[in-house]
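Reader: Pick one spot in the backbone that I should check before I set anything up, and go through it slowly. Then work outward from there, so I can see how the rest is put together.

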Amino acid sequence: MRKVLLISLILGLLYTPAVGALDLSPFDQHNGQQFFTITDDAGKIIAKIGSLVSVGDYLITEDDSGYRISSVQEFTVKARYDGKVDLEKPGWVMVSDQETTTTSLPTQAPGAKPKIGVYYTHSEESYVPHSGTADKKRGDVYQVGGTLAQSLKTNGAEAVVSENNHSPRDANAYNRSRATAMQLLRQRPGILVDVHRDGIPDPNYYNKTINGEPVAQIRIVVGKQNANRSVNFDFAKELKARANELYPGLVKEIFWAKGNYNQDLAPRVILLEFGTHTNTLQRAEKSAQMMGKVLATMVGAAAPQQQGLGTAQQQQNQPTGRPGDQTGGWSSALWILAIAVVGFIVYALVNSQGVGGIKYMLSKFTSKELRGFFGGTKKGAKREIKIPPEDDQREE
Amino acid sequence: MSVGLMVLVGATVLIFAGVADRVFDRLRLTDTQALLFIVLIAAGSFIDIPISRTPVQVSLNVGGGLLPLGLAIYLLIKAGSSREVWRALAATAATGVILLGLRYLMRNFGHGRTDIIDPLYVLGVVGGLVGYLAGRSRRSAFIAATLGVLVTDAAYYFSALSQGVRGVVSIGGAGGFDAIVISGVLAVFLAEAIGETRERLGGGPVEDRDFPAGLKVSNVIEDNDDSEKRPE
């Protein structure tokens, strides 16, 4: 039985990179031609997405309806309705249709201006009506991010922007932008935003009018292949809730999908897609301007109309604490610890001779494992230990 | 930051540091040296050494790049035999070729195209597998994975140069969480798992009066000698 398990482990490890290498499906994300159409149980189209969609992904639509992806056939996706998501509560807490949730907006934090970081992993992404192409060396996303940064400043926050170019737009782009994300995180921003755009051909999917102004709606993407996924998912819901209050309809969707997106580096690292490549740049910039205000209020920056408030009034207006951060953090930490314990047990079983070996190892923990720190040999005792040859020489 | 988030960040850092400590322990470093190495990686993560600015910006992070790459080169220099050196270099070359091949195959993959694992971990998995298969040792796996990532960085540099893209090559730029460190740690762990698995399948370790069953000597006390024979 143990041999079967060990062989299965090896085959599983060999399978993972092989799948990524040998799967030569022609799907080219964000090329504007291929995209996924998501329908509900009744066959009604609820979403169109240029990114890869997989079974198990989760989608929160504009009206806060939650859908779990149940099947994917080529580019046709079916999703099961899950109910209305309560954006104010952590995790997947649903509300009944009769309930409404209200939130109090954080207004201002005393002291230095709160920071929000901005960078561009897919540096080439552009808008066809403006540039005539969906991708170019320095994409239109830089202008969208610039507008976002300007809006953050206008609304009392400090924007820290990296102009690093991570072209081309391939699977290694996130590895290249990882260093950029880390550089920005060292400046301790409250939120880090990776600016993107989607790749579906229909501009009307994202077109909307908010407060009389034409905008391109925004999708929030949360990666589930990292330890911060719970915290980031709760943060995405909070962001949507805030946007719903200030600019109803600004956030089109939250998509919880496969991927890391460098969101493992810290909590509140998010990916925002400002419309699609067939929207106009002006619409994307308008939504960036609105999102800047939403983000600024989330970190407690002062809105212009509140800058005339007295000190006492300003001190009363603190960013409201959010239970989601606590819950998401604890649950993620517990998951990590659980995985670490399981990993340790598997590792110990492989390295020792079964449970007895683990007990022996644990009983000798301080004398053997920490021998380098605490000595561990009796005074005066001399024992020569022959060192075995290196692993590869052992094979000969 | 809330208590929950602090616990999350703390747990992540501690576990990663613990895993890395175990890995470095297997790579010719004593317990103290391994711990010191991790501390240096963390401290060095804040230091970027600029190498060039235009047309492609290149920098080398001390913690995420210089230190692990330096360790890999040190292991190469201190290898017990020239055969071990050549095997490690062959493993590095093989890893680099496979990673470049994967990069070409995944050239159109954008958001979330990861099938099972994220590209960040693919580097370590490939490095570990190839490094172990080619070099059949944990050290070869570490060397292959870390230098293999460097190969991909170099390839990107020349690619950006040829296409006129004002790109950025930040070697180890994400510090302790960069692909180089993650790949190296993952590679050694994989090599350990595969090596131990093979040994178990082959009947387990040979027992000797100096090597009680289940005992693994983790600290290298003296350099290996080719003339040393495995105890019968």
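**A loop residue, and outward from there**

Author: Start at A:Arg188, which sits in the loop between helix 4 and strand 9 (191-198) of chain A. Bear in mind that this is a predicted model. The phi of A:Arg188 is near 60 degrees, a positive value in a residue that isn't glycine. That's worth a look, because most residues other than glycine have a negative phi. As for its surroundings, A:Arg188 has 11 other C-beta atoms within 10 Å, and the cut-off for exposed is 12 or fewer, so A:Arg188 counts as exposed.

Now set A:Tyr261 beside it. Here too phi is positive in a residue other than glycine, near 55 degrees. A:Tyr261 is again a loop residue, between strand 13 (251-257) and strand 14 (269-276) of chain A. The surroundings are another story: A:Tyr261 has 29 other C-beta atoms within 10 Å, and buried starts at 20, so A:Tyr261 is buried.

While you're on loops of chain A, look at A:Pro168, between strand 8 (158-161) and helix 4 (173-185). The peptide bond leading into it from A:Ser167 is cis, with omega near 0 degrees. Chain B has a cis bond as well, joining B:Thr54 and B:Pro55 with omega about -10 degrees. B:Pro55 falls in the loop between strand 1 and strand 2 of chain B.

One more positive phi, this time in a glycine: A:Gly43, near 85 degrees, in the hairpin of strand 1 and strand 2 of chain A, which has five residues between the strands. Those two strands, 1 and 2 (residues 45-49), are antiparallel and share four bridges, with A:Phe36 opposite A:Ile49. Strand 1 of chain A also pairs with strand 5 of chain A, in parallel and over three bridges; there A:Ile38 has A:Val77 as its bridge partner.

Strand 1 of chain A (residues 36-39) is a neat case of a general pattern. In a regular strand, side chains alternate between the two faces of the sheet. Here A:Phe36 and A:Ile38 point to one face and are buried, while A:Thr37 and A:Thr39 point to the other and aren't.

Further along strand 5 (residues 76-85) of chain A you reach A:Asp82. Its count is 15 C-beta neighbours inside 10 Å, which lies between the limits for exposed and buried, so A:Asp82 goes down as partly exposed. Its C-alpha is 6.7 Å from that of A:Arg68, 14 residues away along the chain.

For helix packing in chain A, take helix 3 (residues 141-154) and helix 6 (residues 281-298): their axes are 8 Å apart, at an angle of about 35 degrees. The crossing is right-handed. Among the residues that meet are A:Val144 and A:Leu148 from helix 3, and A:Ala284 and A:Ala288 from helix 6. By class, that contact has nine nonpolar, five polar and two charged residues.

On to chain B, with its seven helices and three strands. Of its 232 residues, 50% count as buried. The three strands make an open sheet in the order 1-2-3, with mixed pairing. Strand 1 and strand 3 (168-171) are at the edges with a single partner strand each, so each has one side without a neighbour in the sheet. From strand to strand the twist averages 20 degrees.

The mixed pairing breaks down like this. Strand 1 (residues 48-52) and strand 2 (residues 57-61) of chain B are antiparallel over four bridges, and B:Ile49 has B:Leu60 as its partner. Strand 2 and strand 3 of chain B are parallel, again with four bridges, and B:Val58 stands opposite B:Val169. Helix 6 of chain B packs on this sheet, touching strand 2 and strand 3, and makes about 165 degrees with the direction of strand 3.

Helix 6 (residues 138-163) of chain B has a helix partner too: helix 3 (residues 62-77), with the axes within 9 Å and crossing at roughly 135 degrees. That makes the pair oblique, and the crossing is left-handed. B:Leu69 and B:Ala72 of helix 3 take part, as do B:Phe142 and B:Ile143 of helix 6, among others. This contact has nine nonpolar residues, one polar and one charged.

Conventions:
Residues are numbered from 1 along each chain as its sequence is written. Chains are lettered from A and ligands numbered from 1 in the order in which they are written. This is a predicted model: local features need pLDDT of at least 70, side-chain atom pairs count only at pLDDT 80 or more; totals for chains, interfaces and linings use all residues. Axes are lines fitted to C-alpha atoms, for helices over the stretch in contact, and angles run from 0 to 180 degrees between N-to-C directions. Angles under 35 degrees count as roughly parallel, over 145 as roughly antiparallel, 65 to 115 as roughly perpendicular and the rest as oblique. A crossing is left-handed if the near helix is turned anticlockwise from the far one by less than a right angle, and right-handed if clockwise. Two residues are in contact if their C-beta atoms, placed from the backbone, lie within 7 Å. Ala, Val, Leu, Ile, Met, Phe, Trp, Tyr, Cys and Pro count as nonpolar, Asp, Glu, Lys and Arg as charged, and the others, Gly among them, as polar. Two strands pair if DSSP finds at least two bridges between them.
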